[in-house]
Amino acid sequence: MQTAEKTFAGYTLTVRNRGGHSSKPRKDNAIYSLAHALDRIEAYRFTPMLNDTTRAYFEGRSKIEKGALGDAMRRWLANPNDGEAADFIEASESEVGLTRTRCVPTRLFAGHADNALHQLATAMINCRIFPGIEPNAVKAELEKIVADPTVVVTRNEDNVASLASPLRPDVTEAYTRAIRTLHPGMPIFPEMSTGASDARPFRVAGIPVYGVNGAWVQVPTDFRAHGKDERIPVQSLYDNVVHWQMMLRDLAGK
Amino acid sequence: MKGVTAALLAAAISTGASAATDPRTVPTQLPPAWQAKTRELLKQAIEIPSVHNRGEMPRMAKLLADQFRAAGIPDSDIHIMPYEALPGDKTAALIVRWRSPKATRKPMLVLGHMDVVEAKREDWKYDPFVFREEGGYFLGRGSSDMKDGDVATTMAAIKLMSEGFKPNRDIIFFYSGDEETQGKGATLASTQWRNLTDAEFGLNADGGCAAYDRDFRPLGCGISIAEKTFQTYFFTTHNPGGHSSRPRPDNAIYDLADALERLRAHRFQPMLNDATRGYFTERARQEGNSVLGEAMRRWLANPNDGAAADAIEANPLEVGLTRTRCVATMLKGGHADNALPQSAEATVNCRIMPGVQPKDVQAELQQLVGPKVEVKPDPNYIGVPTPPSPLRPDVLAAVTKAVQRFHGPAMRVYPVMSTGASDGSFFRAQGIPVYDVDGSWGISPEDERAHGLDERTPVRSMYDDVLHWEMIYRALAG
């Protein structure tokens, strides 16, 4: 059950250059400066963090997860400063983005002609920020990572930090009943979503929001949202109608 | 492409500390009435944004054609040739024949191009397509590459016609409409339209030969007799992508960035040819015992001395003259801000030493970046290596006389290899030797802004270039 979500924040890296004729390459080059900045971002890891939602999530997960991944979860919960354990968890396909802020370049643009040295090179950096961390602080951190004053970091929007919603017993009970009716024995725990949703502005405006959809997928093969060949199991869609019918009855019926 | 000025540090040693005159402040020798006509034509030319795909080339061709027509060239000798360059780019070339009443020699071809490289209003200080005169300069896209040359070659002919000059050979003017993108106009002109353009040799106005350094010392005038081969490659990376909230360990943009870091550090093998050997021999003499001069001498003595070649290449005046150079010029990647990129692509522009095949450069680049990155040549333009043109004594004498009239004997004239490709290569490939002999000049490197921001040309350079071409027509066709 989603009770928190990371803050979606977009940043733009911009490098400008005098440009010129491509037959006489200059020593400074905006594309190369940008590529170097991207390589530094690729190598960087933000500090691992835990909050109430993710702690509850990893406690739930560690009970069902055997092997090395479960061990890493238990080590990290016991010692939140165990960065190696957090790194191990983060590297797992099913846990990506849950242990820290993550930033990744999503778009590139540079140049105005193939035979001219470009005057402008930009990269979009999409960050999913751990709840409670201000996007302006991440901007400052990106500037430190890049460590090149010719690479200018700007924010693409003015989102404020996301907040977590407190757990409500009525919502939790209705959700648990609906899920377990369709999936007996399925463990239920709060979750921080790495994706941004419309819940964020409502939470910021004081309306608690809970992510309680009943769709299910196989992990990680069905994680394809925003990517190629997006899909959902047929049974998942049908089950979800029944799931919402139960939820609506429990929370708005008698 | 604007041929890049060959820099010859003539008399750098003997000039000593004495303050040289700022060449921009020397009065032009062009009479005021012709200055006004020249300025007006340059203004009109710059304010036609003749960038590819904008459909403006016929208007530009008509502007020049109208000048020749008004000066008395009959319509039957004025040909506006429409053609398609890049897919969908409906452009045009202009061919004008100024007939000799009693031709005694084969025609002479004068080449230029009417198209300009894209310029974006948001990148420039001023609107690139609004003509400005400021601080001794004309500003605007095309002011140095090469609407100044279009105007000078046209205006010089008109001036001579008005004075009753009759050439003793036909002078053919060819202005292409896609030199900066495809060079298809020059390809057509040197093959299918050969009946209109056939000539003993060509003089290309794309590339001012002369320059001064920051201390106003003459750097010499390089006549380009050879040029590097132009070839663009695309570096492409692919990835399954996904949701950007869940970054994958592999990433198309990171793979591309790694390739670009390797490209940045890569240096091609240094090479010498006849044009550059002659050029560096003269440069070494002029440089004397300076560090640069010593490096040139070491390299000429031992072409395998890579360290010497590297030291030369690192000098801003010599960039691109010692080897093949490739540089990333454009980037694109990704399809949405909140999705991992499924592909990323860099445009890499190479200037290849004459005689080296573009496919060999492709293989070298592929080996450099490794299997994660696909390296492919631009399918719209496959470069063809061209031979150097043998230097003609009559051309060398005519250019030397004209250049030294405006700049004095210290402005020496020598053959060079151009690092930029131009329409000349297509004619060279078809057996017509071409020489880049435009008389425009600037302060190096400040005024070298062709294809870049805030392009400009000194006012005096524009005006004296009319007289420069007038002298060349008189010398080679009179």
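This is a short talk on a predicted model with two chains, A and B, their shared sheet and their nonpolar cores.

Hi everyone, a little bookkeeping before the fun part. This is a predicted model, in which local features need pLDDT of at least 70 and side-chain atom pairs count only at pLDDT 80 or more, while totals for chains, interfaces and linings use all residues. Residues are numbered from 1 along each chain as its sequence is written, and chains are lettered from A and ligands numbered from 1 in the order in which they are written.

Let me start with chain B. It has 14 helices and 17 strands; helices (H or I, at least four residues) and strands (E, at least two) are DSSP runs, numbered from the N terminus. Along its principal axes, the C-alpha trace of chain B spans about 75 × 55 × 45 Å. Of its 478 residues, 57% count as buried, where buried is 20 or more other C-beta atoms within 10 Å of a residue's own, exposed is 12 or fewer, partly exposed is in between, and C-beta atoms are placed from the backbone.

Chain A has eight helices and eight strands. Its C-alpha atoms fill a box of roughly 75 × 40 × 35 Å along the principal axes, and 38% of its 254 residues count as buried.

Now, which strands make up the open sheet of eight? The order is β7(A)-β2(A)-β6(A)-β4(A)-β11(B)-β13(B)-β9(B)-β14(B), with antiparallel pairing; two strands pair if DSSP finds at least two bridges between them. Strand β7 (151–155) of chain A and β14 (374–377) of chain B stand at the edges with a single partner strand each, so one side of each has no neighbour in the sheet.

On the chain B side, look at β13(B), residues 343–352: nine of its 10 residues are buried. Strand β9(B), residues 229–238, runs antiparallel to β13(B) and is joined to it by 10 bridges, with T232(B) opposite N349(B). Strand β11(B), residues 325–333, pairs with β13(B) in the antiparallel sense over eight bridges; there, K332(B) has E345(B) as its bridge partner.

On the chain A side, β2(A) (7–16) and β6(A) (120–129) pair antiparallel over 10 bridges, and A9(A) stands opposite C127(A). Helix α1(A), residues 30–43, lies across β2, β4, β6 and β7 of chain A together with β11 of chain B, at about 15° to β6(A). For such angles, axes are lines fitted to C-alpha atoms, for helices over the stretch in contact, and values run from 0 to 180 degrees between N-to-C directions.

And the interior? The largest nonpolar core has 98 residues, and those with the most contacts inside it include A61(B), F174(B) and Y473(B). A core here is a set of buried Ala, Val, Leu, Ile, Met, Phe, Trp, Tyr and Cys residues joined through C-beta atoms within 7 Å. Helix α14(B), residues 459–477, gives the most to this core, with 10 residues. Why does the core lie between two domains? Domain 1 (12–228 + 388–477) and domain 3 (269–310) of chain B both give residues to it, so it lies between them; the bounds come from an automatic or database domain assignment. Apart from it lies another core, of 66 residues, among them I31(A), L263(B), A339(B) and L365(B).

That's my tour, thanks for listening!

Note on methods. Contact = placed C-beta atoms within 7 Å.
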